[in-house]
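Please find below my notes on this model. They are set out as numbered points, to be read alongside the coordinates.

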Amino acid sequence: MEPIEAGLRPDVALANRILERLGLSHAFGHASARIPGTNTFLIPTRRSPGLAEASELLVIDTEGRIVSGDGEPNSEFWIHARLYAARPDVGGIVHAHSPACVCLTQIGEPHRVVHNQGGIFAGGVPEYSRIGLIRSRELGDLLAQVVGRGHSAMMRGHGITTAFADVRAATVAACYLEESAALQLRMLAAAGGDAARLRAFTREEAEALRDQITGSVAQRAWEYFAAVATENPLGSGRK
C-alpha cells in the first residue's frame, strides 16, 4: 500500500462515521476519497457509514472495477465513480440521506442561503429530480451532469451529494448543507410557509462567505465533527 493511500484511510473512515454520528445518515450513506493522481478511490464496504473502518475500505476505479479490498461495495458506488471521472478536480465525495434536505426537495423548495455557513452554496444547489437509487453507470453520469462544475446536489426524496477538493471539505460541506436546510425549514414554518418572507442572502452576500469551506474555518469544523464522531460511538445513545 502506498503511503498516500495509507494516510487517506483514517480520514475516509472518520468521514463516514461523522455522517452517522451527526444524523445525516444511519444505515445508509457513504463518503469517499480519490487516491491522488489516479482514477481510483477509497470507499467503505456495504454497511452503515457508522461502522466504517480504515483497514476495511475498498479501492474502486471510475469504471466501477474493484481494484483491491475484500467485501461488497455500496450499491451506489456509481455516484462516486462517475463524479470522479467527470471532475478531475474533485478529491472527496459524500452521499448522505440528510433529512432536512429530503424535506426541501419534497415540498418543492430550492435551497436558499439563510446563514453564514450556507455561503459555500452561493452558486446554488441543483436538484437531481429522478426518483430512485444511483445503481448504474448511466445514472451516475446523470447525477454528475446535474452537479456540473459545482459542488453539490440535492436528490429528490433521497438525500444529497457533495463533491470537493478533499474528503474533509466534502464532509464539512454535507454537514453545512443539512444545517442550512434545517434552518430554512424552521424559517418557513415561522413564516407560515411563505417563502417570500425569508431574508435569504443575495448572491453577492453569499459569495463573500465562500471561505467557510477553506483554511482554518473548515479545519475548525472538521475538528469538531471528528470529536463528536470519536466521543460518541455507534449505539452510545446520542442526544
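1. Thr 40 is in contact with Ala 33, Arg 34, Ile 35, Val 59, Ile 60, Asp 61 and Val 67, its neighbours within four places in sequence being left aside. The model is a predicted one, and every value in this note is to be read with that in mind.

2. Thr 40 belongs to strand S2, which covers residues 40-43. Its relative accessible area is 11%, and because the limit for a buried residue is under 20%, Thr 40 counts as buried. The side chain of Thr 40 also makes a polar contact of 2.7 Å with the side chain of Thr 38.

3. On open space at the surface, the largest pocket has a volume of about 160 Å³. Its lining consists of Ala 27, Phe 28, Gly 29, His 30, Arg 46, Arg 47, Asn 74, Ser 75, Glu 76, His 97, Leu 133 and Arg 135. Sorted by class, three of these lining residues are nonpolar, five are polar and four are charged.

4. On enclosed space, the whole structure yields one cavity of 30 Å³ or more. The largest cavity holds about 30 Å³. Pro 44, Thr 45, Arg 47, Leu 51, Ala 52, Glu 53, Glu 56 and Leu 57 form its lining, with four nonpolar residues, one polar and three charged.

5. Arg 47 deserves a separate remark. This residue is listed in the lining of the largest pocket and also in the lining of the largest cavity.

6. How many disulfides does a search of the whole structure find? The count is zero. For Cys 101, the closest cysteine sulfur is that of Cys 103, 9.1 Å away, which is too far for a bond. The cut-off for a disulfide is a pair of cysteine sulfur atoms within 2.5 Å, so the sulfur of Cys 103, with its closest cysteine sulfur in Cys 101 at 9.1 Å, is not bonded either.

7. Are the two cysteines buried or exposed? Cys 101 is buried, with a relative accessible area of 0%. Cys 103 is partly exposed, at 40%, because its value lies between the 20% and 50% limits.

8. To recapitulate for the record: Thr 40 is buried and has a side-chain polar contact with Thr 38. The largest pocket is given as about 160 Å³ and the largest cavity as about 30 Å³. Cys 101 and Cys 103 are too far apart for a bond.

Notes. Residues numbered from 1 in each chain as written. Predicted model: local features only at pLDDT ≥ 70, side-chain atom pairs only at ≥ 80, totals over all residues. Heavy atoms only, no water. 1 Å grid on protein atoms, 1.4 Å probe; cavity = no way out; pocket = protein on both sides within 12 Å on 5 of 7 lines; lining within 4 Å. Points joined across faces, edges and corners; volume = space filled by probe spheres on them. Nonpolar A, V, L, I, M, F, W, Y, C, P; charged D, E, K, R; others polar. Helix = DSSP H or I, 4+ residues; strand = E, 2+ residues; numbered from the N terminus. Buried < 20%, exposed > 50% of the residue type's maximum accessible area, 1.4 Å probe, protein only. Polar contact = N/O pair within 3.5 Å; in protein donor to acceptor, adjacent residues only side chain to side chain. Contact = heavy atoms within 4.5 Å.
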